[in-house]
Amino acid sequence: MSLCGGSGPAAAPRPRPRAAQMARRPELLCGAAIVLGCAFLVALKVTCRVLLPKVQVLKEDEAREEIQRNHSSCRAKDVTMPAKLPVNFFSTRSPVIDLFRGQLDYAEHLRQDSEIVLYFFYAPWCGQSIAAREEIEHVASRLSDQVLFVAVNCWWNQGKCRKQKHFFYFPVIHLYHRSFGPIEYKGPLSAVYIEKFVRRVMTPLLYISSRSKLLDFLSNYEPGVLGYFEFNASPQPPGYLTFFTSALHSLKKDYLGTIRFGVITDKRVAEEISLVHSGSVYLHRHVNTSLIYPNDIMNFTAENICKWALENREMLIRWLRPHGGKSLLLNNELKKGPALLIFIPYNPLAEIHPLLDEITKVALEYHNCNKSQAAEPDLQHLRDSDSPAFDSSVPDAHMKLSETFSITKYPCCNTVVLPQWHSISRTHNVCELCINQTLGVKPNKVHVPHCNFLEIEAALDSFYLQERTFFQVISNTIECSNFLSFYSPFSYYTACCRTVNRHFLSFISSEKTIFQTPKVAFSSHGKKDNTQHSVPHIEDRNWFIPDLHISGTNITGLSCRTNKTLNLYLLDSNLFWIYAERLGASRSNHLKEFAAIVDLKEEVHYVLDQNQSLVGSALENFIKNFSILYSPLKRHLVDDPPLHFHEQRVITEVTTHTFHDTVFLSEKNVLLLYYAQWCGFCASLNHIFIQLARLLPPDNFTVARIDITRNDLPWEFMTDRLPTILFFPHQRKEQSVKFPEDFSVNLPNLLKFILHHSSLSSSEPCTKECLHKEAVLQQGHISHLEREIQKLRSEISALHQAHNQLEAQLSEARREEHRLQQQKHTLEKQHKTLQLHSEQLQATYDQKNQELLEMAEKLQELADASENLLKENTLLRILVASREGKLQSKDETKESLQSEQILSEDNDVSVSTAIATLDEKRIDNIDTVETEHSSGNRTE
C-alpha cells in the first residue's frame, strides 16, 4: 500500500517539491524576477540606442514637412488677403466728387440731375491718373458751376465700377450731355485741351447771327457744317434737335473736333450760302465745291448727317496728337507720302491765333487748284484777303511782250534755271517754258487745259533734247522759240530765255530768298560746295525777270501741279517738342517754332532755316523749293550732340558736325570705323583698334570711329553694312579705300592694309625736296616701327616667361590632380567597404531586433508567471501558518498523550504509528489541495 500510495502521486507531478521549496523561500522567486527585469531593461536600452538616430531623422523630416505646410499656408494667406480699403484720390475740398469706392450706381444717380457731366475713371496706382488729377481739378475749378465733375475709382475690386466696366487703360474720361453719351475724350491730358473739349460738348452748335460771324466761321481752316432753322413759327423747328444731336455724334466719333457745327436763324444770312428752306444743312469746303445735305437721298437722322459730314469734309491741314512714345499715329501718316510738319505753340482757349491763320492761308493757296471763285461768289472779299488780287496794270512794253510771246502767269508756264554746261547757258541762263502756247496769240484762261507734272517733265525733256532755233525780238536779252513735243506731235511749247547775272542767282534774303543754301554742303569728295546747282530747277520768275510784272504767287494750286504733293500737319510744340528735336530742331530755341518736310519713302527730311521766323512767306518758299522738279533743298543730317572729353582719347569719336574737319581737313591719314551700339561684332573690334592706334604714330595717323545710327552723313559716305572700315590717305582723301570684306579684321591685316595704301605715290610729280621729305618720313616710320618691334619682342619674351611659369603650374596641377584621383579611388573603395558593413549591420540589427521582440514576449510571460507565483506564495504562507497552529495544538495533545503513554507503554508504538500515519495523510492531502489549486489558477 505504501508503495502504491507513495509512488503514484509522487511520480506523476515532479515539480511539486520545487514549487513547495519556492513557496517556502519566496526570496528566490523575487531574485529571479529582478534579474529578468534587469535583462529586459538592458535589452531595451540597446534597442533604443539603435533606433534613436532613425527616430530623430524621422522627426526632422516631419518637422520640415510641418514647416513647409505652415509656409505654404502663410503664402496662401498673403495671396488671399483682402485688399486695403481705398482712400480719397481727390482732396475733400476739391470741386470733383470722388467716389473712391467705385459707387457707379450713385454716379448714375448724380447724372440724372445735371445737364453736363464729366466722369473721370481712374486707378489709384496709375501714374497717368495721378498726373491728370491736377489737370482735372484745374478744369473743374473753372467750370464747376456749369459741369458736374465726378471721379470714380474703377480699380477697387469690390466696387460696382470694376464689376461693370472693363477698361484696359487708365484714365478714361467720359462726358454726357443730358441723356446723350458717353462721349470719350482721347486727347492730351492737359487742362487747356480738356477744357476746350468740355466747352465743345457744352455748346456743340455755334450761333451765327450776322454776316460777319458767318465769314469768321467759314474762314476757319476746319471744316464747317451749317444748319438753317427758322424759330419764328415754333420754339423748336423740325429737325433742329436732330441737327443738334449730329454735332454731338461728331464729337463722339472724332475727339479732335475737326468739324465745327453752326446754326443760322436769320433768312438773309442763310441766303449768303444759298440756303432757302428751313432744315437745310450746308457743308462748307474751301477748295472743292460746298455741299448741301441731300434730303431726298438720305434720311434726315443725326447719324446720317454726321457720317455725311465726315465722309465729305475737306482736310487741308491736320492736327497730330500722338499718344506717348509708342504711338503709331505719326508713322502711319508719314507712310501716306511726303509731309510738312509744323510745330507751333498752341493754346486751344485763345481767341485769336495769328500764326495759325497765316499757316492756314498758305494751306488754302497750296490746295486751291481751280483758282476760281465761282463756288463762293458772296465771300469774294474773304478770298481777296487770303490771296493777293490780280494786278492788271502792266506797262505797254510788258503787255506787248506778254501778248506776243505769251509769258503770262499761268500754271502751264515755269521758270527754268539752266546749268552751266548747257549750250544755251553760254548766253542765257534763265528760260520761261510754257506748254500749249500759240505764237502771237494770248492764251484763253478758260479753254487751255491745266498742266500736270508729266506735261512739265515732257516739256523739259523736249527743251533739252531737240534742236532749237532762237530769234531775237524786242530786246537783245530775250530769245524765244516755239518747238514741238519730243513725245507727242500734238503738243508744242514756247521757251523764252534771258540772261541773269550769276551773282543774282546766289542771293540770300530772309524775305526774297527762293532756295536756302545749307551752311555746310559736301561734294563728291567732301569739299565744301558753294557753287550753283548743276541741274535745272524752277524758280520764282518775279525775281529773275523783273522786267515782266507778274502778280500772284506760284504756290497757288501747287498741290495739283506736281507729284510731290505735301500733306500738311500741325503739332503743338508745348506737348510734342521732342519730335522736333529728333528732326533737328535747336535745343536752345526758346520760341519753339519749327518746320520740316519728311519724305519717308526717300528716307530724307529737310528743315526750314531756323534763323528765319516761321511766317507765311518762308513756308511758301520752303514748299516751292521742295515741289519743283529739281529741288535745291539739301538733306538735313541728324547730328549727335558733341561730347567733350577731358582726357586724351586713343580713338577719335566723329560726329556729323566734326566729320569734315576730322576726315578731310586733317593733314593725316585717317582710318574710320563705322559702328553702332547694337552691333556686337563692332564692339569685339575695340581692343584691335586700340592696339592699332597705339602702334601708329599719332603725328601721321588718326584712328577714328563714328556711330552711324546717330549721325547722318552725305549719301556717298553712308554704308549699309556694319562694321565698315574706310581709309582716307593723306593728300588723296578723294581716293578713299574700303577694307576688304573677305579679309579677317585683325592687327596684322590692318597694318598691311594701311601701309600698302599709305605708301602709294601721288599722281603729281615729286621734286627733290618732296623726295627728301618722303625719305625722312619713311625713315621716321621705319624707326618708329623698329621701336615698336623692339617693344613687341620684349613683350614676346615676357610672354614666353609667363608661358613657362604657366607650364610649371600646369604640371604641378596635373600631379595634384593625379594625387587627388588616387585619393578619390581609395575613398571610393572605403565607401564600398563601409556600405557592405552597413548592410551587414543592418541585417544584424534586424536579427537582433527580432530576437529582442521574442525575448520581450518571453519576459512578458515570465512576468505574468511571477505575478501568479507571488499570489500562490501568499496563499502558501497562509496555509503554512494554519498548519503550524494545528501542529502546536497537536503537540499539546501529544504531551497529554505522553502522560498517558507512561501509563500505558504498550500503547505507545501504536499511537505514534497512528499519529505518523495521520501526519503523512494530512501532508498528502495538503499537497493534493495545493496542486489542484495551482492547476486551477493556471487554468483560469
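# Contacts, burial and a pocket in a predicted model

Me: The side chain of S280 comes within 2.8 Å of the backbone oxygen of H277. What makes this a polar contact?

Reply: This is a predicted model, and the distance is computed from its atoms. The cut-off for a pair of N or O atoms is 3.5 Å. The S280 side chain reaches the H277 backbone oxygen at 2.8 Å, which is within that cut-off, so the pair counts as a polar contact.

Me: Where does S280 lie, and why is S280 called buried?

Reply: S280 is part of strand 9. Its relative accessibility is 12%, and buried means under 20%, so S280 is classed as buried. Leaving out residues up to four places away in sequence, S280 touches L226, G227, Y228 and L275.

Me: How do you know that E272 and R211 form a salt bridge?

Reply: Their closest N and O atoms are 3.3 Å apart. The limit is 4 Å between a side-chain nitrogen of Lys or Arg and a carboxyl oxygen of Asp or Glu, so this Glu and Arg pair qualifies.

Me: What makes this pair a tie between separate parts of the chain?

Reply: E272 sits in the loop between helix 10 (267–271) and strand 9 (280–284), while R211 belongs to helix 8 (residues 211–218); the salt bridge therefore ties together parts that are 61 residues apart in sequence.

Me: Why are E272 and R211 each called partly exposed?

Reply: Partly exposed covers the range between under 20% and over 50%. E272, at 23%, falls in that range and so is partly exposed. R211, at 37%, is therefore partly exposed too.

Me: Which residue forms a salt bridge with E333, and is E333 buried or exposed?

Reply: The partner of E333 is K336, with N and O 3.2 Å apart. E333 has a relative accessibility of 6%, which is under 20%, so E333 is buried.

Me: Why is K336 put in another class?

Reply: Exposed means over 50%, and K336 stands at 57%, so K336 counts as exposed.

Me: What else is in contact with E333 and K336?

Reply: R318 is, along with contacts of its own to L568, Y569 and L570, neighbours within four places in sequence being left aside. The side chains of R318 and E333 are joined by a polar contact of 3.1 Å. R318 is found in strand 11 (residues 318–319). With 25% relative accessibility, R318 is between the two cut-offs and therefore partly exposed.

Me: How do you know that R815 and E812 pair within one element?

Reply: Both residues lie in helix 25 (residues 768–903), three residues apart, or about one turn of the helix. Their closest N and O atoms are 2.3 Å apart, within the 4 Å limit for a salt bridge. E812, at 43% relative accessible area, lies between 20% and 50%, so E812 is partly exposed.

Me: How many salt bridges does the structure hold, and which residues are linked in a network?

Reply: There are 18 salt bridges. R142, E195 and R199 are linked in a network of them.

Me: Why is C497 called buried?

Reply: The relative accessibility of C497 is 1%, set against a limit of under 20%, so C497 is buried. C497 is placed in strand 17 (residues 492–498). From C497 to L433 the C-alpha distance is 8.5 Å, although they are 64 residues apart in sequence.

Me: What lines the second largest pocket, and which element gives the most?

Reply: The second largest pocket has a volume of about 1,400 Å³. Its lining has 46 residues, and the closest to the centre are K196, N220, E222, R260 and E351. Elements giving two or more residues include strand 6 (205–208), strand 8 (260–264) and helix 13 (354–367). Helix 7 gives the most, six residues.

Me: What is the make-up of that lining by class?

Reply: The lining has 25 nonpolar, nine polar and twelve charged residues. K196 and E222 are among the residues closest to the pocket centre; Lys and Glu count as charged, so K196 and E222 belong to the charged class.

Me: How many helices and strands does the chain have, and what share of the residues is buried?

Reply: The protein chain has 26 helices and 26 strands. Of its 940 residues, 38% count as buried.

Notes: Residues are numbered from 1 along each chain as its sequence is written. This is a predicted model: local features need pLDDT of at least 70, side-chain atom pairs count only at pLDDT 80 or more; totals for chains, interfaces and linings use all residues. Side-chain values use heavy atoms; hydrogens and water are left out. Helices (H or I, at least four residues) and strands (E, at least two) are DSSP runs, numbered from the N terminus. Buried means under 20% relative accessible area, exposed over 50%, partly exposed in between (1.4 Å probe, protein chains only). On a 1 Å grid over the protein atoms alone, a cavity is a set of points where a 1.4 Å probe fits but cannot get out, and a pocket is an open set with protein on both sides within 12 Å along at least five of seven lines; lining residues have an atom within 4 Å of a point. Grid points are joined across faces, edges and corners, and a volume is the space filled by probe spheres set on the points. A polar contact is a pair of N or O atoms within 3.5 Å; within protein, one must be able to donate a hydrogen and the other to accept it, and residues adjacent in sequence count only if both atoms are side-chain atoms. Contact means heavy atoms within 4.5 Å.
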